[in-house]
Every structure is written in C-alpha cells, then in structure tokens.
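Here's a quick walk through one protein model, going from a metal site out to the helices around it and a few single residues.

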Amino acid sequence: MTDEIKRLKELINASNTVLILPHKAPDGDAVGSAVAWFHFLLNNNKKPTIVFPDRPAAYLLPFLDEIEYLVFETQPEKSLELAQHCDTLFCLDFNDPSRVGKEAVELISSFKAQSVMIDHHPFPSDFCTLQISKPSVCSTAQLLFECIEEMDLLSSVDKNVGQGIYLGIMTDTGSFRYPSVDAKTHYILGKLLDLGVEHFKIHESIFDVNTLDKLQLRGFAINEKLVCIPNHPIAYISLTKEELDRFNYQKGDTEGLVNVILSIEGYSVAALFVESRDGIKISFRSKGDYFVNEFSAKHFQGGGHKYAAGGFSEDTMSVTIERFKTFLNELLP
Ligand code: 5GP
Ligand code: MN
C-alpha cells in the first residue's frame, strides 16, 4: 500500500459525516464516481451526502435514485450548513476549485476539516489535504476502484458501487474505445459484471433514450451549422440560445455532438460552441498529433485532457468564434 493510500484509508476510518463534491455540469464520470463513492462510504457505515454544484442532466437522474444529495445552485445555505458539520470533503473528477463554479467554490474555500481530491485530469492545483491525481487512468471511477482495491476494501464494493463505477468508466472512455483504456479497465469491468451490474441497462439508459427534440436539434446542427475550416482538419458547430430554444433544449441534449464532428473522415479537431445565459460553453475533441487542453487553457479559460477539453467564453458567439479562428494555427502539430 502506498503512503497516499494508507493516508486515504486512515482518513476514511477517522470520518463519520462525509461530503462528496463532483464538478459543475457533471458528466457520467462525475455522477458515476459520486454515486460509487456514496455507496462505498455507506457500506463502511459512514454518513455521506453528495452536493452537486448544479442540477445533473435528466439522463443521469436515474442513477441518483435512493441517493442522498443536494444541489448547491438551489440549496446554497443548506449545502454550506451541511459542510460545516462534515469531517471530510471528497472532491471527485476535478482538480481545480474553479471547476465547481463561482458559487459552490465557497464549499471548498470555507471547508475547515480534511479534504481529499481524487481525480484523473492533468495539471492538478494544490487545494486539498490529500491529493490522489492519476492522469494516466481513463476515469475517476476507475481510479476510485483502484484506490478501494489497494486499501483492501473490495468487500465493500457491491452492485450499487459497481453501477457508479461502470457508468463513469463507460462515459469517459466513449464506451471503452479511447487510448486511455487499459487491461486494468477490462479487468475491473469483469469484476463489476460478477457483482451483478447490468451493463446493458446502463448503456441503454445513456445511449438509447432520446427525445425527438434532441434528435432534431442534432440533425439541425449537423445539417445547417457544421463549418469545416478550409485546408485544415478542423470543424466546428455553434448553437445560439435562440436555436436551442427552437428545439426545447434540455441540459445534456448536445452531449456527444462534438464527437460526431470528430468522426468526419480526415478531421482531427472538433469544437462545439453552445450559448447559455452566462456565456459560451466550448467543448473540444481531437486525435492523433492534435491536442486541445493547453489551447483551451490559454484562450478559453478551460482545460481537460489532451484529446478532450472544455472551455468558456464571456464574449458573444461571433467574437468567440473569431477568436477560435484567429488562434487555430496553434492547434496544428
Ligand atoms: P466536455 O467537453 O465534455 O464538457 O469536457 C471535456 C473534458 O474537459 C472533461 O474531461 C472535462 O473535465 C474537461 N473540462 C470541461 N470544461 C472545462 C473547464 O472549463 N475547465 C477545465 N479545466 N476543464 C474542463
Ligand atoms: Mn472524468
């Protein structure tokens, strides 16, 4: 057992009430990791609560049945009050306080007891008492399983824990396809099936449940809004608020759209610009010798992995896209 894992085990043993905090706009890995950690702690007789910075998208809500959770955006006082009485804060699937958003960051900055970060993104900030950072691991969910195994606590991994881990690994690896998948990933997946995790149900609930509006928005985006940059393997889609409204946009409706852009033959960089109340949320994807995380950090206050990054712009859509075009030479290898 490494010193890090020894400290993690001691910290869990010494905790009673625990707050679990994933990043804002939680994806499958953030929700899956939080759910897995919630059940793992519950199975160890702890009192965990998840606080989401904002409401998870509807397609992830089925995974939160029977889970004790708060949403900071709508329950800030209750969340802060709860944090005051927690022995330990677990920050999952993010590595910088800014990733929980301007409001929920108070949960971290005002937290008085021990805090632990468990995450797989590169370039972690130093903001927790204990930081377990493994950028080589495909997902935070896989990292949690590896931590539990190393702590010799696999006996507290049941079907509920397993479902969260499966969800996190599946969504962060594009269904076990990305280079980040390793033999350990498949070893863990096998263990999860042995626990009774119904993999087909998890796939179905993520990939086979679409509203008509969502599909039509996708069709519109590809048909009318896809722009291919001349002479470069770079393409993007932008969606304004008005366009989203036309298709009754719900959170999560553009999930996976950026990967569709990247799938165009001969293209190596994809960007998706989606307008919201606060500004433009940007998703970048790439492959081969093209990397997007440092580009996003430099120009769009973002970051992430080399092949999958996100960012944000407070400018208008047209100014944001102009900025993207101005700097896109930096994306070329
Ligand atoms: P997505 O495009 O799915 O929102 O994000 C892709 C990847 O980039 C994820 O791993 C996510 O954690 C990371 N990411 C997304 N938005 C941001 C951001 O604003 N800042 C940083 N540092 N990472 C981000
Ligand atoms: Mn992740």
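## The manganese site

D29 is buried, because its relative accessibility is 0% and the cut-off for buried is under 20%. This is a predicted model, and in it D29 is one of the protein donors of the manganese ion (ligand 2). The donor set reads D29 (OD), D93 (OD), H120 (NE2) and D172 (OD), at 2.2 to 2.4 Å from the ion. Along the sequence, those donor residues follow the spacing D-x63-D-x26-H-x51-D.

Two of these donors come from distant parts of the chain: D29 belongs to helix α2 (residues 28–43), while H120 sits in the loop between β5 (114–119) and β6 (130–133), 91 residues apart. What about the accessibility of H120: is this residue buried or exposed? H120 is buried too, since its relative accessible area is just 1%, again under the 20% mark.

## Helix α2 and its two partners

How do you describe a pair of packed helices? You give the angle between their axes and the distance between those axes. For α2 and helix α5 (residues 140–150), the axes come within 8 Å and cross at roughly 25°. That angle is under 35 degrees, so α2 and α5 count as roughly parallel. On the α2 side the contact uses D29, S33, W37 and F40, and on the α5 side T140, A141, L144 and I148. By class, that's 5 nonpolar, 2 polar and 1 charged residue.

Now for α2 against helix α6 (residues 159–172): their axes come within 7 Å, with a crossing angle of roughly 160°. Since that is over 145 degrees, α2 and α6 are roughly antiparallel. The crossing of α2 past α6 is left-handed. From α2, the residues in contact are G28, D29, V31, G32, S33, V35, A36, H39, F40 and N43; from α6, they are N160, V161, G164, I165, L167, G168, T171 and D172. Sorted by class, this contact of α2 with α6 has 7 nonpolar, 9 polar and 2 charged residues. Note that D29 and D172 both turn up in this contact, and both are donors to the manganese ion (ligand 2).

## Helix α5, mostly covered

Of the 11 residues in α5, 9 are buried, so the helix is mostly covered. The buried ones are T140, A141, Q142, L143, L144, F145, E146, C147 and I148.

α5 also meets helix α7 (residues 183–194), with axes coming within 11 Å and crossing at roughly 75°. That makes α5 and α7 roughly perpendicular to each other, because the angle falls in the 65 to 115 range. The contact pairs Q142, F145, E146 and E149 of α5 with K184, T185, Y187, I188, K191 and L192 of α7. Its class count is 4 nonpolar, 2 polar and 4 charged residues.

## Two positive phi values

Most residues other than glycine have a negative phi. D152, which follows α5, goes the other way: its phi is positive, about 65°, although it is not a glycine. D152 is placed in the loop between α5 and α6. Is D152 buried or exposed? Its relative accessible area is 63%, so D152 is exposed.

Q301 also has a positive phi, near 40°, and isn't a glycine either. You'll find Q301 in the loop between α12 (293–299) and β11 (303–304). With 54% relative accessibility, Q301 counts as exposed, because the cut-off there is over 50%.

## Two more residues to click on

T88 is in strand β4 (residues 88–92) and is buried, at a relative accessible area of 1%. Leaving out residues up to four places away in sequence, T88 touches L11, S15, T17, V18, L19, F111, Q114 and V116.

R218 belongs to helix α9 (residues 212–224). At 21% relative accessibility, R218 counts as partly exposed, since buried would need a value under 20%. Setting aside residues up to four places away in sequence, R218 touches E255, G256, L257 and V260. As for H203, it is 15 residues from R218 in sequence and 20 Å from R218 in space, C-alpha to C-alpha.

Note on methods. Residues are numbered from 1 along each chain as its sequence is written. Chains are lettered from A and ligands numbered from 1 in the order in which they are written. This is a predicted model: local features need pLDDT of at least 70, side-chain atom pairs count only at pLDDT 80 or more; totals for chains, interfaces and linings use all residues. Side-chain values use heavy atoms; hydrogens and water are left out. Donors are N, O and S atoms within 2.8 Å of the metal (3.2 Å for Na, K and Ca); water is not among the atoms, so sites may look incomplete. Helices (H or I, at least four residues) and strands (E, at least two) are DSSP runs, numbered from the N terminus. Buried means under 20% relative accessible area, exposed over 50%, partly exposed in between (1.4 Å probe, protein chains only). Axes are lines fitted to C-alpha atoms, for helices over the stretch in contact, and angles run from 0 to 180 degrees between N-to-C directions. Contact means heavy atoms within 4.5 Å. Ala, Val, Leu, Ile, Met, Phe, Trp, Tyr, Cys and Pro count as nonpolar, Asp, Glu, Lys and Arg as charged, and the others, Gly among them, as polar. A crossing is left-handed if the near helix is turned anticlockwise from the far one by less than a right angle, and right-handed if clockwise.
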